[in-house]
Amino acid sequence: MDTKGRVSIPASFRRVLEASDPNWQPGDSPELVIVYGDHRRKYLECYTMQAIDEVDAKIDALPRGSMQRRMLQRMFHGQSFPTNVDETGRLVLPAKLRSKIDLENEAFFIAAGDTFQIWKPETYEAEELAAAEDWLDDLPEDFDPLQFLDGTGDA
């Protein structure tokens, strides 16, 4: 990340953003929405336009005035930042978002289908890798997590 808060988005992520932006044309910059969430979230989650539209449709399907709908609207509309990738394939992260996750010099990207997350590398290692290790430690020694993909894992 440079001093202006610009981070280069991996090319494969940019292709997903382009393919999932209904307004994108070759030569344009794809749009996305960064959801930064509440105080518990220690990463930024970047949604493709298609993914955020799907979330919005599910929120809109909830009963009007319900607590669930109001809270999800606040989380996804009130705690998000619509933006686009610049012409050089970078994303400009405002100071507020960088500060929220204590991002300084380096950003760690992790793909999650039609979203991707941006983490401070040290936070990712401390939080997510530790959680994965705890999860694996609870599984039998010979258990292969790939079994979940086949629907055969019941751990």
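A salt bridge is taken here as a side-chain nitrogen of Lys or Arg within 4 Å of a carboxyl oxygen of Asp or Glu. By that rule, the side chains of Glu45 and Arg41 form a salt bridge, with an N to O distance of 3.6 Å. The model is predicted, and this applies to every value below.

Overall architecture was examined next. The protein chain contains six helices and seven strands. Their order along the sequence is β-α-β-β-α-α-β-β-α-β-β-α-α. The C-alpha trace spans about 50 × 45 × 35 Å along its principal axes. The chain has 155 residues, and buried residues make up 35% of them. Contacts between residues at least 6 apart in sequence were also examined. Of these, 58% join residues at least 24 apart. The exposed area of the chain is about 9,600 Å². Carbon and sulfur atoms supply 50% of that area.

Charge was considered for the chain as a whole. There are 17 positive and 30 negative charges. The mean positions of the two sets lie 12 Å apart.

The structure holds nine salt bridges. Three of them are described here in turn, starting with the pair named at the outset. Both partners of the Glu45 and Arg41 bridge are buried, because each falls under the 20% limit on relative accessible area. Glu45 has a relative accessible area of 9%. The value for Arg41 is 18%.

A further bridge joins the side chains of Glu127 and Lys42, at 3.0 Å from N to O. Glu127 belongs to helix 5, which covers residues 121-137. Lys42 sits in the loop between strand 2 (31-35) and strand 3 (44-48). The two residues are 85 apart in sequence, so the bridge ties together distant parts of the chain's sequence. Both partners are partly exposed. The relative accessible area is 34% for Glu127 and 37% for Lys42.

Salt bridges with shared partners also build a network, which joins Asp2, Arg6, Asp86 and Arg90. Within this group, the side chains of Arg6 and Asp2 meet at 2.6 Å, N to O. Arg6 is partly exposed, with a relative accessible area of 24%. Asp2 is partly exposed too, at 26%.

The surroundings of one buried residue were then traced. Ile52 is part of helix 2, which runs over residues 49-61. Its relative accessible area is 6%, so Ile52 counts as buried. Neighbours within four places in sequence were set aside. Ile52 is then in contact with Val33, Val35, Tyr47 and Phe76. Phe76 lies 24 residues from Ile52 along the chain. The C-alpha atoms of Ile52 and Phe76 are separated by 8.5 Å.

Two surface patches were examined. One is nonpolar, with an area of about 280 Å². Trp135, Leu136 and Phe148 make up this patch. Phe148 is found in helix 6, which spans residues 147-150. Phe148 counts as partly exposed because its relative accessibility is 31%. That value passes the patch cut-off, since patch residues need over 30% relative accessible area.

The other patch carries negative charge on the surface. Glu133, Asp134, Asp137, Asp138, Glu141 and Asp142 gather there. Asp137 is found in helix 5. With a relative accessibility of 61%, Asp137 counts as exposed. The limit for that class is over 50%.

Backbone geometry gave one further feature. Most residues other than glycine have a negative phi. Asp102 is not a glycine, yet has a positive phi of about 60°. Asp102 lies in the loop between helix 4 (95-100) and strand 6 (108-112). Asp102 is partly exposed, with a relative accessible area of 41%.

How values were computed. Residues are numbered from 1 along each chain as its sequence is written. This is a predicted model: local features need pLDDT of at least 70, side-chain atom pairs count only at pLDDT 80 or more; totals for chains, interfaces and linings use all residues. Side-chain values use heavy atoms; hydrogens and water are left out. Helices (H or I, at least four residues) and strands (E, at least two) are DSSP runs, numbered from the N terminus. Buried means under 20% relative accessible area, exposed over 50%, partly exposed in between (1.4 Å probe, protein chains only). Contact means heavy atoms within 4.5 Å. Accessible areas come from the Shrake-Rupley method with a 1.4 Å probe; for residues, only the protein chains shown count as cover. Lys and Arg count as positive and Asp and Glu as negative; His and the chain ends are not counted. The place of a charge is taken as NZ of Lys, CZ of Arg, CG of Asp or CD of Glu. Patches are made of residues with over 30% relative accessible area and no salt bridge: like charges are joined within 9 Å, nonpolar side chains (Val, Leu, Ile, Met, Phe, Trp, Tyr) within 5 Å.
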